[in-house]
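Dear colleague,

I am passing on the structure below, and I would be glad if you could look through it before reading my notes. What I found in it follows underneath, arranged by region.

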Amino acid sequence: METFRQNSSANAPSFDFVLYSQASLESGRLLAEFFDNGGWYLSKDVHCLIRWGNSSPVQHSFKYEINSLSAVKNTVNKVEMIKKLRKTEGVKVPWTYIPVKTKFKKLNSIVNTFIINKMKPFVFKDICHNNKLVNKISDKEGYYQKLLDIKNEYRVFVFRDKPFLVYVKEGGDKNSLFRKRENGWRLVLLLDGYPPDILGQSIKAVAGLGLDFGGVDVIEDKDGRVYVIEVNTAPQLNRFRARKLAEHIKEV
Ligand SMILES: Nc1ncnc2c1ncn2[C@@H]1O[C@H](COP(=O)(O)OP(=O)(O)O)[C@@H](O)[C@H]1O
Ligand SMILES: [Mg+2]
């Protein structure tokens with residue numbers, strides 16, 4: 001399926017908006033429908049180019065950039081993302097250990113059980129116990145994070161300073177470290193009943209990463225404390241979510 005119709009640069013159109021994002025092209029196409037049909041987007045009032053799942057800079061002029069390319073690239077590297085989030089005021093990240101080169105601290109005096117987020121040579125997650133850091137990783141590869149006792153997981157869609165959709169993750173295999181649709185997890189829309197703190201933290205997380213838009217993964221632990229886990233620049237969209245996002249983009 002054609003995604004982007006490449007025009008020759010001589011008559012290249014200029015756009016009102018350029019939106020950068022990573023991964024899922026399917027969601028990008030859905031979003032495109034709310035401006036007009038096609039990968040380039042030309043509607044009467046809004047011209048928007050959606051670079052969903054494409055990390056190269058656009059060669060066209062545009063007025064507004066939704067998610068800068070450099071900020072998006074930063075979130076692709078999860079170690080860089082965690083470092084930035086840790087420095088962001090008002091955002092709580094689970095206790096994290098980022099190994100420096102091949103030097104490893106003794107961690108068991110601090111936290112007992114970790115989740116390993118490994119990125120190279122492929123993404124995987126694992127649980128490890130204190131001094132048994134069997135899968136030793138370096139800072140280029142990933143990080144260890146305190147394993148939280150999860151009560152609820154949320155996904156908060158944020159555009160600029162507005163959290164516009166809040167979901168709770170339901171169903172699935174409670175032990176799965178990949179809480180995705182393929183593992184039986186689904187997002188259930190919430191109008192209220194979530195910890196109010198997740199909104200403020202999500203806004204700050206998106207801003208702290210230099211993004212305009214993101215789907216923020218938040219964990220509420222058994223003691224009711226709230227932690228930001230990651231920010232997705234290409235969260236799964238459906239028609240409803242795409243429409244909501246398009247509304248916010250058009251308001252810019
Ligand atoms: N520190 C943590 N403590 C407990 N569970 C975690 C922790 N970090 C991640 N998880 C679990 O792993 C899942 C995936 O982690 P996440 O960082 O969102 O990566 P991705 O969604 O890209 O796979 C989360 O939804 C959560 O269930
Ligand atoms: Mg996630």
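**Strand pairing around β9**

β9 and strand β10 (residues 162-171) pair in the antiparallel sense, and 6 bridges hold the pairing. Please keep in mind throughout that this is a predicted model. Within this pairing, R155 stands opposite Y167 in β10. The two strands form a hairpin with 2 residues between them, and in this hairpin R160 takes a positive phi near 50°.

β9 also has a second partner to consider, since 9 bridges join β9 to strand β12 (residues 213-221), and these two strands likewise run antiparallel. On that side, N152 has E220 in β12 as its bridge partner. When you follow β9 along its length, it may help to recall that in a regular strand the side chains alternate between the two faces of the sheet.

**The surroundings of ligand 1**

Which residues come nearest to ligand 1? Out of the 15 residues around ligand 1, those that come nearest are P94, Q145, L148, R179 and D217. Two or more residues of the shell are given by each of β8 (142-146), β9 (150-159) and β13 (226-232), so that the β9 described above appears here again as one of the contributing elements. By character, the residues of the shell divide into 8 nonpolar, 1 polar and 6 charged. In terms of domains, the shell draws at least three residues from domain 2 (74-92 + 149-232) and at least three from domain 3 (96-146).

**The position of V72**

V72 has its place in helix α2, which covers residues 69-76. Is V72 buried or exposed? V72 is buried, because 22 other C-beta atoms lie within 10 Å, where the cut-off for a buried residue is 20 or more. Leaving aside residues up to four places away in sequence, V72 touches Y20, S21, Q22, N67 and T233. One of these, Q22, is 50 residues from V72 along the chain, yet the C-alpha atoms of the two are separated by 7.2 Å.

**The chain as a whole**

For orientation, the secondary structure of the chain comes to 5 helices and 13 strands, and of its 252 residues 31% count as buried. Among contacts between residues at least 6 apart in sequence, 65% join residues that are at least 24 apart, and the pair of V72 and Q22, 50 residues apart along the chain, can serve as an illustration of such a separation.

With best wishes

Methods
Residues are numbered from 1 along each chain as its sequence is written. Chains are lettered from A and ligands numbered from 1 in the order in which they are written. This is a predicted model: local features need pLDDT of at least 70, side-chain atom pairs count only at pLDDT 80 or more; totals for chains, interfaces and linings use all residues. A residue is near a molecule or strand if its C-beta atom, placed from the backbone, lies within 6 Å of it. Helices (H or I, at least four residues) and strands (E, at least two) are DSSP runs, numbered from the N terminus. Ala, Val, Leu, Ile, Met, Phe, Trp, Tyr, Cys and Pro count as nonpolar, Asp, Glu, Lys and Arg as charged, and the others, Gly among them, as polar. Domain bounds come from an automatic or database domain assignment. A residue is buried if 20 or more other C-beta atoms lie within 10 Å of its own, exposed if 12 or fewer, and partly exposed in between; C-beta atoms are placed from the backbone. Two residues are in contact if their C-beta atoms, placed from the backbone, lie within 7 Å. Two strands pair if DSSP finds at least two bridges between them.
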